[in-house]
Amino acid sequence: MALPENRIYLASRSPRRRELLKQIGVDFATLLLREAKPRLADVDETSKPDEAPEVYTSRIARTKAGTGWMQLMQRKLPQFPVLAADTIVVLKEHVFGKPESNAHAQEMLRILSGQTHQVLTTVAVAAQNGVHIRTSASTVRFRHISEREIQLYLASDEAHDKAGSYAIQGIAAVFIAEISGSYSGVMGLPLFETAQLLEESGIKIFPRA
């Protein structure tokens with residue numbers, strides 16, 4: 001049964017995730033978790049020794065959603081479901097998160113050039129019945145990327161704040177020879193899995209239809 005107010009909180013700063021939620025007609029408010037200095041981040045995204053990529057991304061997404069739900073309780077906000085997500089790029093069990101600098105992004109793109117990698121995005125929804133997750137796994141094959149192309153791409157500033165230093169919906173689409181899986185999952189919010197979780201939490205998809 002749908003909640004009286006068909007609304008959620010999005011615990012993410014990502015404009016791509018906002019766009020994707022709007023695409024399926026989900027009404028949301030942004031619930032920002034603290035990410036950086038001068039104070040400690042609300043969620044420590046450091047990986048654990050020998051932690052498998054899917055275990056890592058599931059743990060981070062679950063923790064983000066759970067932390068957001070606790071903030072609702074502490075701030076006495078309306079108890080709408082909290083949605084969070086985590087996206088990583090994986091090549092031969094090596095996890096590529098967001099680049100820390102242009103040099104780091106350059107290194108990532110050089111490694112991914114001409115290779116087939118996996119993109120994992122875990123979606124988590126926290127509500128009164130607990131935290132539930134779904135993980136989307138997609139395979140992406142890059143063509144060879146020349147050093148000149150890498151430099152031009154970095155100059156666009158598109159690599160900033162992107163797992164693996166690229167955005168499938170942007171200029172980097174020209175690097176992608178093949179994709180198998182979820183396009184929206186590679187963007188950062190797999191809509192199939194997201195819709196399933198939200199409907200299980202009483203949120204109607206396409207409420208205006």
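User: Before we look at E3, what does buried mean here?
Analyst: Buried means under 20% relative accessible area, exposed over 50%, and partly exposed in between, with a 1.4 Å probe and protein chains only. Strands are DSSP runs of E, at least two residues, numbered from the N terminus. This is a predicted model, where local features need pLDDT of at least 70, side-chain atom pairs count only at pLDDT 80 or more, and totals for chains, interfaces and linings use all residues. Residues are numbered from 1 along each chain as its sequence is written, and side-chain values use heavy atoms, leaving out hydrogens and water.
User: OK. How many residues of strand E3 are buried?
Analyst: 10 of the 10, residues 82-91, so E3 is largely enclosed by the rest of the structure.
User: Which residues sit on each side?
Analyst: Val-82, Ala-84, Asp-86, Ile-88 and Val-90 are on one side. Leu-83, Ala-85, Thr-87, Val-89 and Leu-91 are on the other. In a regular strand, side chains alternate between the two faces of the sheet.
User: Which way do E3 and E5 run?
Analyst: Antiparallel, joined by 9 bridges. Pairing takes at least two DSSP bridges between two strands. Val-82 has Ala-126 in E5 as its bridge partner.
User: And E1 with E3, parallel or antiparallel?
Analyst: Parallel, over 2 bridges. Leu-10 stands opposite Leu-83.
User: What about the hairpin of E3 and E4?
Analyst: E3 and E4 pair in the antiparallel sense over 3 bridges. The hairpin has 2 residues between the strands, and Lys-92 takes a positive phi near 55°.
User: New topic. What is Ile-8 in contact with?
Analyst: Contact means heavy atoms within 4.5 Å. Leaving aside neighbours within four places in sequence, the partners of Ile-8 include Leu-21, Phe-80, Leu-83 and Leu-198.

Note on methods. Helix = DSSP H or I, 4+ residues; strand = E, 2+ residues; numbered from the N terminus.
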